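Me: Please take a close look at one part of this model for me, and then walk me outwards from there to the rest. I would like to be able to follow along on the screen.

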Amino acid sequence: MSISTRPEHEPERDPQQSAEQAAGRPRPGPGPKRVRPGVAAAEAQLPDADALFPAAPAEPSRSADPALARRKRELLEPPVLDRHGPARVLALCNQKGGVGKTTSAINLGAALAEVGRRVLLVDFDPQGALSVGLGVQPHQLERTTYNLLMERAASIEDTIRKTSVPNLDLLPSNIDLSAAEIQLVGEVAREQALSRALAPVLDRYDFVLIDCQPSLGLLTVNALTVASGVIIPLECEFFSLRGVALLIDTIDKVQQRLNPDLRLEGILATMYDGRTLHGREVFSRVLEAFGDKVYDTVIARTVRFPETTVAGEPITSWASSSTGAKAYRDLAREVIARA
């Protein structure tokens, strides 16, 4: 029996490697990596990864949050009204879905009603989300905005519904409204159909808020034609930011051709999370592009908003002391102050 004299810590040596080293021949390394020509060309066109993903600060502080660092205007208590009307018509519009249009329409309307303003919410989306958010079942409705647009005998008095919030009324909608966009094409002055429908009740309200569908079709043009201002709810996310330029172009065209009084009322940052670098960067770009048009009020992400949808109530009554309720009360004061 042979006994090895190699120390235990010394690794085993490859006999072939030892022979090659003894002969003075280095062991050949791995050959060149094979890359298909098409892949090589595509990789050559890719931008530098550092440019796409800049390094985030090691310890982001709240002072770096542009929503907190921004100098805000003083919020005054809204004056008490001795009479109501005529209404300011504001369209909440963004062709991208899921940015908080309906949530903002419901809660801004409820916050305005809290300070003594009479408000009419117009559900102008065939999905009927605004109606559902106020506890109305769209499929059970006999009269909706569709009837007002397409039937001459339809009365807006019979279509408006009271809500659980004092001073807040609703003009509901359901899937029938999707047919109106097709049927209106052949009508004379088709862009003014909503304006004709709302005219009889404008004197009794202080605000009319129109929840537009997520598109730039004929229904949205109707809303922009009757409105005096546009509020753009903007999710603090890159793809939402990209679509704003197209919406601004549509607003300019409606202003030139159909409604000279139309103006951009403001940009409302929604679903904001100041803890993320991406959210802060998008909000900073919005501030650079629109300046004072951006509302000081920022709507942060919270689980309370989905809960209010299920409850069929505004957040001002469902979770009155929540941060979301406070934000929409601040927004209401800003909207009144910008009148």
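Reply: Helices (DSSP H or I, at least four residues) and strands (DSSP E, at least two) are runs numbered from the N terminus. With that in hand, start at E235, which you will find in strand β6 (residues 229-235). The model is a predicted one, where local features need pLDDT of at least 70 and side-chain atom pairs count only at pLDDT 80 or more, while totals for chains, interfaces and linings use all residues. Residues are numbered from 1 along each chain as its sequence is written, and side-chain values use heavy atoms, with hydrogens and water left out.

E235 has a relative accessible area of 11% and counts as buried (under 20%; exposed is over 50% and partly exposed in between, with a 1.4 Å probe and protein chains only). Leaving aside residues up to four places away in sequence, E235 is in contact with K96, G98, V99, S240, T270, M271 and R301 (contact means heavy atoms within 4.5 Å).

Now step back to the chain around that residue. The protein chain holds 17 helices and eight strands, and 45% of its 339 residues are buried. If you take the contacts between residues at least 6 apart in sequence, 80% of them join residues at least 24 apart. For an exposed residue, look at P79, with 52% relative accessibility, in the loop between α4 (66-69) and β1 (88-92). The C-alpha atom of P79 is 8.6 Å from that of V115, a residue 36 places away along the chain.

Helix α11 (residues 218-226) is a good next stop. It is mostly covered, with nine of its nine residues buried: L218, L219, T220, V221, N222, A223, L224, T225 and V226. α11 packs against helix α13 (residues 244-257) at about 55°, and the two axes are 10 Å apart (axes are lines fitted to C-alpha atoms over the stretch in contact, with angles from 0 to 180 degrees between N-to-C directions). That angle makes α11 oblique to α13 (under 35 degrees is roughly parallel, over 145 roughly antiparallel, 65 to 115 roughly perpendicular and the rest oblique). On the α11 side the contact uses V221, L224 and T225, and on the α13 side T250, I251 and V254.

The largest nonpolar core has 53 residues, and L120, F124, L149, L198, V208, I210 and F283 touch the most other members (such a core is a set of buried Ala, Val, Leu, Ile, Met, Phe, Trp, Tyr and Cys residues joined through side-chain atoms within 4.5 Å). α11 supplies the largest share of this core, six residues. Take V208 as your way in: beyond four places in sequence, V208 touches A87, R88, V89, L90, L120, V122, L198 and L202. There is also a second, separate core of 34 residues, with L92, V119, A327 and L331 among them.

Finally, turn to another pair of helices. Helix α5 (residues 101-114) and helix α17 (residues 323-337) have axes that come within 8 Å and cross at roughly 75°. This crossing makes α5 roughly perpendicular to α17. Here T103, S104, N107, L108, A111, L112 and E114 of α5 meet Y328, R329, L331, A332, V335 and I336 of α17.
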